[in-house]
Amino acid sequence: MSVAALVPAAGSGTRLGKGPKAFVTVGGKTLLARAVEALRGHVDEVVVATPDGSDAPRGARVIRGGGTRQETVERLLRATNADFVLIHDAARPFLPSRVVHDVLAGARVQGAATVALPVADTLVRGADNAWGELVSRAGLWAVQTPQAFRRTLILEAHEAARREDFEATDDASLVARLDRPVRLVEGDARLFKVTTPSDLALAEALAVAWDAETSA
Ligand SMILES: Nc1ccn([C@@H]2O[C@H](COP(=O)(O)OP(=O)(O)OP(=O)(O)O)[C@@H](O)[C@H]2O)c(=O)n1
Ligand SMILES: C[C@](O)(CO)[C@H](O)COP(=O)(O)O
């Protein structure tokens with residue numbers, strides 16, 4: 001069974017404010033290069049989508065991304081014929097090998113799987129910096145990437161969403177809305193998404209330990 005890693009890296013990084021986020025560096029490497037490095041040894045091919053379809057990291061094919069993450073992912077899905085795909089945000093640079101293995105295993109069994117972490121914080125729905133209502137965290141998970149799928153299934157889900165003008169912030173929810181099962185696989189706190197300047201500071205700190213551990 002062939003596997004392709006698909007890396008959406010075409011975002012503009014508005015919330016970070018440093019230009020195209022995939023090319024921001026942490027510990028001397030771009031977020032994109034780190035994500036591709038973590039994937040390369042586990043899959044048959046790596047396809048990356050960047051804003052203008054250039055700047056392919058070593059060992060990856062590159063295409064032009066779309067105006068939304070969902071459009072970018074659908075373009076990536078059409079750029080491979082692999083049996084299974086693993087979709088991973090370039091904005092999540094610290095990807096443990098155990099996670100890649102487990103999410104692919106989940107997809108092989110169930111057809112669709114995503115990493116997620118049980119919510120550990122108290123949750124509140126608020127507005128204008130005012131406490132609104134407490135939201136029970138029981139049974140709630142924070143969804144991360146990678147997400148893995150049988151390619152035909154996730155392509156069917158994206159095509160249905162496009163036909164129905166439905167937009168999601170991830171890919172597994174597009175499968176779930178078709179009433180198809182999605183396996184939740186234990187994620188990792190180090191898989192946080194670099195979104196705001198404080199995330200970048202955290203990533204710079206983690207990169208020191210991460211690079212020491214992975215190069216040992
Ligand atoms: N049109 C888009 C938008 C996002 N992404 C990718 O999807 C991932 C998650 O998106 P996000 O963290 O929101 O990145 P940005 O869209 O760049 O951030 P922002 O929303 O702050 O602009 C990132 O790896 C980003 O590069 C993409 O490939 N194509
Ligand atoms: C796909 C994702 O990383 C799962 O948590 C998240 O939904 C991406 O959201 P973003 O707003 O596009 O960063």
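Start by selecting the shell of residues around ligand 2: one is nonpolar, two are polar and six are charged. As you look around, keep in mind that this is a predicted model.

Now put names to that shell. Show Arg 15, Arg 69, Asp 89, Arg 92, Val 143, Thr 145, Thr 169, Asp 170 and Lys 193, the residues that surround ligand 2. If you turn on a surface for the protein, look at the space that ligand 2 takes up: this is the largest pocket.

Next, zoom in on some contacts. Pick Arg 15 and find the N or O atom in its side chain that is 3.0 Å from an oxygen atom of ligand 2. Then move to Asp 89, where a polar side-chain atom lies 2.6 Å from a ligand 2 oxygen. Val 143 is worth a click too, but look at its backbone this time: an N or O atom there is 2.6 Å from an oxygen atom of ligand 2. How much of ligand 2 does the protein bury? Taken alone, ligand 2 exposes 360 Å², and the protein buries 77% of that.

For the last stop, leave the ligand and select residues 112-118, which form strand β7. Within this strand, highlight Thr 114. Is Thr 114 buried or exposed? Thr 114 counts as buried because its relative accessible area is 2%, under the 20% cut-off. Finally, add Gln 144 to your view and follow the side chain of Thr 114, which reaches the backbone oxygen of Gln 144 at 3.3 Å.

Definitions and conventions
Residues numbered from 1 in each chain as written. Chains lettered and ligands numbered in written order. Predicted model: local features only at pLDDT ≥ 70, side-chain atom pairs only at ≥ 80, totals over all residues. Heavy atoms only, no water. Near = heavy atom within 4 Å. Polar contact = N/O pair within 3.5 Å; in protein donor to acceptor, adjacent residues only side chain to side chain. Areas by Shrake-Rupley, 256 points an atom, 1.4 Å probe, with all protein chains shown as cover. 1 Å grid on protein atoms, 1.4 Å probe; cavity = no way out; pocket = protein on both sides within 12 Å on 5 of 7 lines; lining within 4 Å. Sits in = over half its atoms within 2 Å of the grid points. Nonpolar A, V, L, I, M, F, W, Y, C, P; charged D, E, K, R; others polar. Helix = DSSP H or I, 4+ residues; strand = E, 2+ residues; numbered from the N terminus. Buried < 20%, exposed > 50% of the residue type's maximum accessible area, 1.4 Å probe, protein only.
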